[in-house]
Amino acid sequence: RKQNGTVWELPFSSNGNQTVLRNLKVKGNHHIDKNLTINNDLTIDGEIKGSRAVFNFGEATGSSSATWYMDTVNGVTMSTTRGYVMHRPGSVVGASVQCNCTNDAGTATMIITVLLNGSVLVQTSSTSVTSTGVWSNYGKFGRNTYSFAAGQFISIAISRTGASSTNDDAIGYFEVIFDD
């Protein structure tokens, strides 16, 4: 279609797919506040900014100390000096863990502690563990609330308060959203 000296083109196809030929942008301070539904294929050339990543952790051996550092997927124990190095800036948006309490001496609480360069970045709410068996804990955090820079590292510990209990077989992950 030609309008005011400009030729406009919309690439429709017989199967319902549509291709965006240029950057799709929202101008000014406007944002899309409704759902975007795509019923057929969506092809994107380039990177999706704000992509999510999940980092797994766990521990198979028992622990009875107040702070129990988790292992990376290849078995390296995280600490205040060792963790997953972030290659882009972003923010931590969630963490979860499931663990087996094998020995309980009374009431205890368990918390997931997310550390950034060895310092506490965020902790989940506490979960009461009053008996042996499987327990879980998780937390969801707002984007840009618990931010990190490229080159910083994230490590995970399970923190305990109250009575001493022995735990094993921890399985968990933390989730991040990268800014670029």
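What follows is a conversation between a visitor and a guide about a predicted model of one protein chain.

Visitor: What should I know about the model before we start?

Guide: This is a predicted model, in which local features need pLDDT of at least 70 and side-chain atom pairs count only at pLDDT 80 or more, while totals for chains, interfaces and linings use all residues. Residues are numbered from 1 along each chain as its sequence is written, and side-chain values use heavy atoms, with hydrogens and water left out.

Visitor: How many helices and strands are in the chain?

Guide: The chain has 0 helices and 13 strands, where helices (H or I, at least four residues) and strands (E, at least two) are DSSP runs numbered from the N terminus.

Visitor: Why is Asn-56 called partly exposed?

Guide: Buried means under 20% relative accessible area, exposed means over 50%, and partly exposed is in between, with a 1.4 Å probe and protein chains only. Asn-56 has a relative accessibility of 40%, so it counts as partly exposed. This residue belongs to strand β3, which covers residues 52-59.

Visitor: Which residues does Asn-56 touch, leaving out those up to four places away in sequence?

Guide: Taking contact to mean heavy atoms within 4.5 Å, Asn-56 touches Asp-71, Thr-72, Val-73, Tyr-84, Gly-172 and Tyr-173. Tyr-173 is 117 residues from Asn-56 along the chain, yet their C-alpha atoms are separated by 4.2 Å.

Visitor: Thr-72 is among those residues, so what makes Thr-72 count as buried?

Guide: Its relative accessibility is 13%, and because that value is under 20%, Thr-72 counts as buried. Thr-72 lies in the loop between β4 (67-69) and β5 (84-85), and its side chain makes a polar contact with the side chain of Asn-74 at 2.4 Å. A polar contact is a pair of N or O atoms within 3.5 Å; within protein, one must be able to donate a hydrogen and the other to accept it, and residues adjacent in sequence count only if both atoms are side-chain atoms.

Visitor: How do you know that Cys-99 and Cys-101 do not form a disulfide?

Guide: A disulfide is a pair of cysteine sulfur atoms within 2.5 Å. The sulfur of Cys-101 is 7.5 Å from the closest cysteine sulfur, in Cys-99, and is therefore too far for a bond. The structure holds 0 disulfides. Cys-99 is buried, with a relative accessible area of 2%, and Cys-101 is buried, with a relative accessible area of 2%.

Visitor: What makes the pair Glu-175 and Arg-52 a salt bridge?

Guide: A salt bridge is a side-chain nitrogen of Lys or Arg within 4 Å of a carboxyl oxygen of Asp or Glu, and the closest N and O atoms of this pair are 2.9 Å apart, so the pair qualifies. Glu-175 lies in strand β13 and Arg-52 in strand β3, so the pair ties together parts that are 123 residues apart in sequence. A search of the whole structure finds 1 salt bridge.

Visitor: Are Glu-175 and Arg-52 buried or exposed?

Guide: Glu-175 counts as buried because its relative accessibility is 18%, whereas Arg-52 counts as exposed because its value is 55%.

Visitor: Which residues touch the most other members of the largest nonpolar core?

Guide: They are Ile-154, Phe-174 and Val-176, in a core of 30 residues. A nonpolar core is a set of buried Ala, Val, Leu, Ile, Met, Phe, Trp, Tyr and Cys residues joined through side-chain atoms within 4.5 Å. Strand β6 gives the most to this core, with 5 residues.
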